[in-house]
There are 2 protein chains.
Amino acid sequence: MLKLNIMVMDNENTEATLETLGEFGLIKYLTKSVKLTQKSTDKGVGDDAAVLDFAGKKTLVTTDILLEGIHFNLTYTPLKHLGYKAAMVNFSDICAMNGKPTQILVALGVSKRFALEQIEELYSGIYLACEQYGVDLVGGDTSSSLTGLTISITCLGEADADKIVYRNGAKPNDLICVTGDLGAAYMGLQLLERERRVFEGQNLTDFQPDFAGKEYILERQLKPEARKDIIEILAKEHIVPTAMMDVSDGLSSELLHICSQSAVGCRIYEDKLPIDYVTATMAEEMNLNLTTVAINGGEDYELLFTVPLALYDRVKTLDNVHIIGHIADKQDGCALVTRDGQEITLQARGWTAFASEN
Amino acid sequence: MLKLNIMVMDNENTEATLETLGEFGLIKYLTKSVKLTQKSTDKGVGDDAAVLDFAGKKTLVTTDILLEGIHFNLTYTPLKHLGYKAAMVNFSDICAMNGKPTQILVALGVSKRFALEQIEELYSGIYLACEQYGVDLVGGDTSSSLTGLTISITCLGEADADKIVYRNGAKPNDLICVTGDLGAAYMGLQLLERERRVFEGQNLTDFQPDFAGKEYILERQLKPEARKDIIEILAKEHIVPTAMMDVSDGLSSELLHICSQSAVGCRIYEDKLPIDYVTATMAEEMNLNLTTVAINGGEDYELLFTVPLALYDRVKTLDNVHIIGHIADKQDGCALVTRDGQEITLQARGWTAFASEN
């Protein structure tokens, strides 16, 4: 692998900094506490490539790139949270295949304005995520960058061949289910952005943002969780969804993907959308339409999946799983049925496109 | 996976641009011609994760990040070459484990100054590399960036469990072998940098760089090849090296890694270093010490490996393989033996650190 190649090794310097650690030193330093726990990990960091053994299981692999100023704003994102979230969005993709995340590789581009302590902070979040989800960090690359912070994470996972769930298996009359609640991460972002604007406008050094009672939506934005718990429940209940995705861009957008790839239509019901009380309060305070927030706000990292209608009795009793509608024939199109019975065609609108309305 | 989330889907616009293609459109557009050829690829681009099946083989995985202004300069690097090289450096890491590259995932951060045609050009280089090495592109992520171009590639490969070669298996008296020739990529970079400075100094619109007769070193810098051919030859000859790396940071640096991880020393001989005639001419023209160029210049992507002394007769007849020295006891240290018999201690100096001397 290419390494942090503008830094020079200097063994005489005892105080560790990005400059003194050097290319190989930084990687060693950041990964010195890595413990490998996955049976499928033969060899992690320290050679040209990691060596894995999925022994009869299928291998899942996904990659994400996060760029400063586009995906995160360090004004209000603690680096540890950022590391945690960067790992989590990848775990979520593996869960969305009905798989179990097993290994990650982390590639970083770091500008000179970052100190070693900050990169360690970022890594501590990645490690926390790995520890909590039983995932091994097995490789990476670190480079200087001219500007800003870039985080590119690749995650591997495993699944039994007959348990993998794609986006294209939804059938008419299947139930549409979503886990947890929707729109909270989006409202958390709106709150952080509002306080940032207030802060920048007032330019006060003793500024204290007003987050009282809003902790839930902040946590949903800053420290999301992949729904590994749901994957485990589905396995325990011997339920294999017909189609599944994670909600990263917004329910509406993800549902349209499932419908497009499965060649079906759908109906979801406004009064069935799971929304937390804090999300609702915040949307009202900011004069935003709550249903729009719930279906177009992104980054919830909940699971959206479909199951055969015959499983209705079993699915409706599952904790944290909500039935919000059903799959229809393709010619019926994709629509949201409002509280007063109107049908509104679903549109693919990513969360940032949506954000630009405000 | 997160997608290009500041771009908005617009189906009404018929002329494809980065803006009109939108987040999912861009990925579809760039990967529309992907053909999957690897037996281990079950499902490529288009779901939350790719699905692979290594069926009894070990899985190898490596990741690299390339940043504009650090790893490449678009003044003299054609985008197609850049894509080819970005893929190749990852293939090389898999070869360095004595494995076969099988799949890649490509994550891009692209600033607004790039047009769709340019990103297609970059991808065409990646595809060419994949085609020539039989590798499947199975996933990726594309995002806007505030500045510059970022390319993060993850490569998977496969190997039989008993054929994987690590860095830590070199034993005293093992032969040290290197493939191809050394220092050419570094001299190619020096030439490109010199012509860039001339160009910028003169500020001529009709400037023609002077590359006549220098094509070899330019190609080594701009279009390196992973030594998959050597891996195939070793397999055919039933030779499994005791330790192996690819030469990305420079022979000296890589050899020190092998010696450190294997707890051994080494002797390499100045008069055995394989150097191309064009490299030598260019070094003389630029007043650079040729041996320094050969042992510290990086990006050759040749293979450096060790084999038991008993294999001497078989290894010495292999095409493109050069025996340059032998492994010694740890207490003997690591040294280059000059033409006049002096021993010079090897030092780890990455190629850019080296470049900063000039």
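**View 1. The whole contact between the two chains.** About 5,900 Å² is buried between chain B and chain A, and 56% of that comes from carbon and sulfur atoms. Keep in mind that this is a predicted model. Chain B puts 70 residues into the contact, and chain A puts in 70 residues.

**View 2. How the copies are related.** Turn chain B by 180°, with 0.0 Å of shift along the axis, and it lands on chain A with an RMSD of 0.0 Å. That is what a two-fold axis does, so the relation here goes by that name. Both copies use the same surface: 100% of the contact residues of chain B turn up again in chain A.

**View 3. Charged and polar links across the interface.** Between chain B and chain A there are 8 salt bridges. One to zoom in on pairs the side chains of B:Lys58 and A:Asp42, with 2.4 Å from N to O. On top of that, the interface of chain B and chain A shows 24 residue pairs in polar contact, both partners being at pLDDT 80 or more.

**View 4. The chain B face.** On the side of chain B that touches chain A, strand β3 (residues 58–67) gives the most, at 10 residues. Sorted by class, this side of chain B holds 32 nonpolar, 22 polar and 16 charged residues.

**View 5. Strands meeting across the chains.** Here strand β2 (residues 50–52) of chain A pairs up with β3(B) through 3 bridges, and the two strands run antiparallel. Look for A:Val51, which sits opposite B:Leu60 of β3(B).

Note on methods:
Residues numbered from 1 in each chain as written. Chains lettered and ligands numbered in written order. Heavy atoms only, no water. Least-squares fit on C-alpha atoms with pLDDT ≥ 70 in both. Contact = heavy atoms within 4.5 Å. Buried area = accessible area lost by both parts, 1.4 Å probe. Salt bridge = Lys/Arg side-chain N within 4 Å of Asp/Glu carboxyl O. Polar contact = N/O pair within 3.5 Å; in protein donor to acceptor, adjacent residues only side chain to side chain. Helix = DSSP H or I, 4+ residues; strand = E, 2+ residues; numbered from the N terminus. Nonpolar A, V, L, I, M, F, W, Y, C, P; charged D, E, K, R; others polar. Pairing = 2+ DSSP bridges.
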